[in-house]
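Me: Got a two-chain thing open here and want to talk it through. Can you walk me around it, starting with one helix?

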Amino acid sequence: MLTSSRRQRIDDLAAGGGAPDAGVSLAVSAWRRLRRSPLFLVGAAIIGVFVVMALLAPWLAQHDPALRLLDDQVSRARNEIPPAQPGHPLGGDQQGRDLYSRMLLGSQQTLLVAVLATVIGLGGGLVLGTLAGAIGGWVDSVVMRLVDVMLSIPSLLLAVSVGALFARQTQFTVILAVAIVQIPIFARLLRGSMLAQRASDHVLAARALGVRRRAIVFRHMLPNSLGPVVVQSTLVLAIAIIDAAALSFLGLGAADDSVPEWGQMLGRAQDVIDSHPQLAFWPAGAIITVALGFTLVGESLRDALDPKNRR
Amino acid sequence: MSDVLVDVDGLKVHFPIKRGIVHDRTVGYVYAVDGVDLAIRRGETYGLVGESGCGKSTLGRAVLRLSEPTAGRVVFDGTDLAQLSGEPLRRMRRRMQMVFQDPLSSLDPRQSVQSLLVEGLRAHELDRGAEATAARLRELLDVVGLPANALRRYPHEFSGGQRQRIGIARALTVEPDLIVADEPVSALDVSVQAQVLNLLEDLQAQFGLTYLVIAHDLAVVRHIADRVGVMYLGGIVEEADADALYTEPRHPYTRALLSAIPVPDPEVEDRREQILLTGDLPSPAAPPSGCRFHTRCPWRQPSRCDTERPPLREIRPGHRVACHYAEDIAAGRITAPTGLSASRG
C-alpha cells in the first residue's frame, strides 16, 4: 500500500500536471486529424453539396422530370434537341424533358444506389468476414473459397451477370448487382484484419483474463478490425455510383426512365453524343465529381485512421 | 494444500509445419517445448531464462493453456489443466494471469483503462455494483502506482512503464494465485525496469502471488527470482536456486551464458574466464540428436553427447543439470580444448 503522503503527492502531481481527466480515444484523435486535412474538407464539401441537392431536389427542380415540356423543339429527323433557354438552363433531352430538373432529381437515385449498395455489400461482407475471421477452421475455408470464386470473376462482369439474372430490371436489381460484387471484397478485407487481431497480444490478453469468446470477438476483434472496412466503404460509395452508371449505360439499368438516374441519362445520351455532347457532359461530370468526393474522403480517412500517424 | 502450485510434467508443445495447396500436409514439427519438467512452489518466483527462440515464451503460454500442449501435463493446484475446456477452463483462468512483454500491444487501443480493468471483473462476476467496482478500481490503481485520473484515459496516452503498470493492474483485477510474466521489463527503458521489478516484488509480498518470470536478461532474473531454470532448444538444461546457479553453474550452456555478462571492472574483465559459443542456435524444427547442446559445447565428448539425450538429474539437493559430464567438468577432469574456450588476458 502507498503511504498517504505518497498518495497525496501522486494526486497533486496528477491534478497540477495539466493531464486531462478524460482521455482522447482513437476515434476522437482520428477526427481531430481529419478536420485539418484539406483533402477531407474538399471531399466533404462535394458530398455535402450532393446530399443537400438530393434532399432538396423536389423543391429545387422547377419541372416534372417526366413531362415532355419541350417536345415541340425535338425533331428526330433533323436531329434537333432543345438548347439552353430561359426557364430551362440546361435545355432539354431527346424527348423534350427539362435536363436541369432531371439532373437534380437524378441525384436522389444516384445517392440511393450508392448508399443502399454499400450498406448491403458492407452488411454481407461483415457477416461473412466475421464468421471466417472469428471462427476459423472449416468455416473460414468454406467462406473464403466462396469469396475467391466471386473475386475471380471481373467485378463488372459479375455485376452484369447478376443484373441479367432478373427478368425485369429495376433500380433495385441494379443496387443488388452492385452490392453483391462488393460483398467478397468486404469479407476478405475484414477477415484479414480479424486474423491479425486474433493473433494479437491484446486478444491473447483477453483470453488469458478469461473473457468470454463472444465478448472477445465483438469488443476487441471487430472494433479493431473495422478501420480498413470503414475506409473501403467510403471508396465503395464512389465505386457503386460508377458501377451503377456502367450497368445503366450497358442497358441493365432500370427500364423505366421516367425516374431519372445519372448513369441511365448517360447511357441514353450515347446515341447523340456527336451532335449534342451536353447530354452526356452533365451526368458524366456529376458522376465524376461525386465519386471524387467520396474517394477524397475515403483516402483522408485512411490516413487519419492509420495508427502510424497518431500524434 | 500441497507446497507445489504448478507442476509441469513432460510438457511438449510441437507446432506442425504445414505445406500444400489443397490439403495441408504436415511436413515436420517445430519442437518449441520438448519435454519440460518443473515445479513452481507456492509463493516463490521461478525465473526462466534462455535465448530468443528457445521456447520459453511457448512454455509460459502452455502453462496457462494459451497454447495447446502436444503431450505432458500441467497440474495447477491439483487440477490437470489439459482435462479442462470451455467454461471450467475459463473459470480457472481467474486464478492464473499473464503480464506481457509489450505493454502497448497487449492493451486494446480502443478501450479506456477503466473498461480494460472492468473487463476481468465482469468476466468472472466480480463486479458487485457500481460503487464497489469504482472502489476496487481505485484500489488497483493505487497498488500499482497510477494516478486516479488514469481511468478515463487510453493506453496510448501513457508512458511505457505506466502501460506495464496498467497491464499488471489488469492481471490483479481477478485476484490470481499465479502470474506468468513474459519478459515483463524487456520493452522498457532501463531506468524504468527496476521500478517495475520492484513493483512486482511488492505485489508478491502483499498478495502472496506466485510468479513465473520469463526473461532473456540474466540480471533481471537474478534480481527477482528465487529459483532459476535455464532453457536451451525446448528443454531445461539446468535448474537451481538463484544464488547457486549464478555462483556455481554446472551446465556448459549456463557457464557460457554467465561468462557473457560483462563485469564493470577492467582488470577482472580481462582475467575472468570467457566461454565463447561458436555457431548459432540450431533450428528447433531439426534439433540435434543426443544432447541438444552438443553442437556448440566446448566440453563435448566423443562418446555419448551426440547419441544420448541427458536427463535432468539432481546433482545436489535442489540443483538439477542435464549434462552427462557435469561432475567431471566441475572437478576439472574434462577440460575444454583451447580455441573454443579461451581465457583472455
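Reply: Sure. Take α5 of chain B, residues 160-172: a helix of 13 residues that reaches 19 Å from its first C-alpha to its last, close to the 18 Å expected at 1.5 Å a residue. Expected span here is 1.5 Å times one less than the number of residues. Helices (H or I, at least four residues) and strands (E, at least two) are DSSP runs, numbered from the N terminus.

Me: Before I go on, what kind of model is this and how is it numbered?

Reply: The model is predicted, with local features needing pLDDT of at least 70 and side-chain atom pairs counting only at pLDDT 80 or more, while totals for chains, interfaces and linings use all residues. Residues are numbered from 1 along each chain as its sequence is written, chains are lettered from A and ligands numbered from 1 in the order in which they are written, and side-chain values use heavy atoms, with hydrogens and water left out.

Me: Back to α5(B), then. How many of its residues are buried?

Reply: 11 of the 13, so the helix is mostly covered. Buried means under 20% relative accessible area, exposed over 50%, and partly exposed in between, with a 1.4 Å probe and protein chains only. The buried set includes three arginines you may want to click on, Arg163(B), Arg165(B) and Arg170(B), along with Ile166(B), Ile168(B) and Leu172(B).

Me: And what do the buried residues of α5(B) pack against?

Reply: From chain A, α8 (201-209). From chain B, there are β6 (96-99), α3 (113-123), α4 (129-144), β7 (178-182) and α6 (190-207).

Me: Chain A shows up there. How many residues of chain A and chain B are in contact?

Reply: 28 residues of chain A are in contact with 39 of chain B, contact being heavy atoms within 4.5 Å. The two chains bury about 3300 Å² between them, 52% of it on carbon and sulfur atoms. That area is the accessible area (1.4 Å probe) that two parts lose on being put together, summed over both.

Me: How many salt bridges cross that interface?

Reply: The rule finds two between chain A and chain B, a salt bridge being a side-chain nitrogen of Lys or Arg within 4 Å of a carboxyl oxygen of Asp or Glu. Glu125(B) forms a salt bridge with Arg212(A), and their closest N and O atoms are 2.9 Å apart.

Me: Which elements of chain A make up the side that touches chain B?

Reply: α1 (4-16), α8 and α9 (213-249) of chain A each give two or more residues. The largest share, seven residues, comes from α8(A). By type, that side of chain A divides into 15 nonpolar, six polar and seven charged residues. The classes are Ala, Val, Leu, Ile, Met, Phe, Trp, Tyr, Cys and Pro as nonpolar, Asp, Glu, Lys and Arg as charged, and the others, Gly among them, as polar.

Me: What about chain A by itself, how many helices and strands?

Reply: 11 helices and zero strands. Buried residues make up 47% of its 311 residues. Among contacts in chain A between residues at least 6 apart in sequence, 73% join residues at least 24 apart.

Me: I've clicked on Gln94(A). Buried or exposed?

Reply: Gln94(A) counts as buried because its relative accessibility is 18%. Gln94(A) lies in the loop between α3 (38-60) and α4 (99-135) of chain A. Not counting residues up to four places away in sequence, it touches Val74(A), Ile81(A), Arg268(A), Ala269(A), Val272(A) and Leu279(A).

Me: Switching to chain B. Why does Phe207(B) count as partly exposed?

Reply: Because its relative accessibility is 38%. Phe207(B) is in helix α6 of chain B. Leaving aside neighbours within four places in sequence, Phe207(B) is in contact with Val143(B) and Leu172(B).

Me: Any odd backbone angles I should look at? Say, what is the phi of Arg65(B)?

Reply: Positive, about 55 degrees, although Arg65(B) is not a glycine. Arg65(B) is found in the loop between α1 (56-63) and β4 (71-76) of chain B, and counts as buried at 10% relative accessibility. Asp77(B) also has a positive phi, about 50 degrees, and is not a glycine. Asp77(B) lies in the loop between β4 and β5 (79-80) of chain B and counts as partly exposed at 24% relative accessibility.
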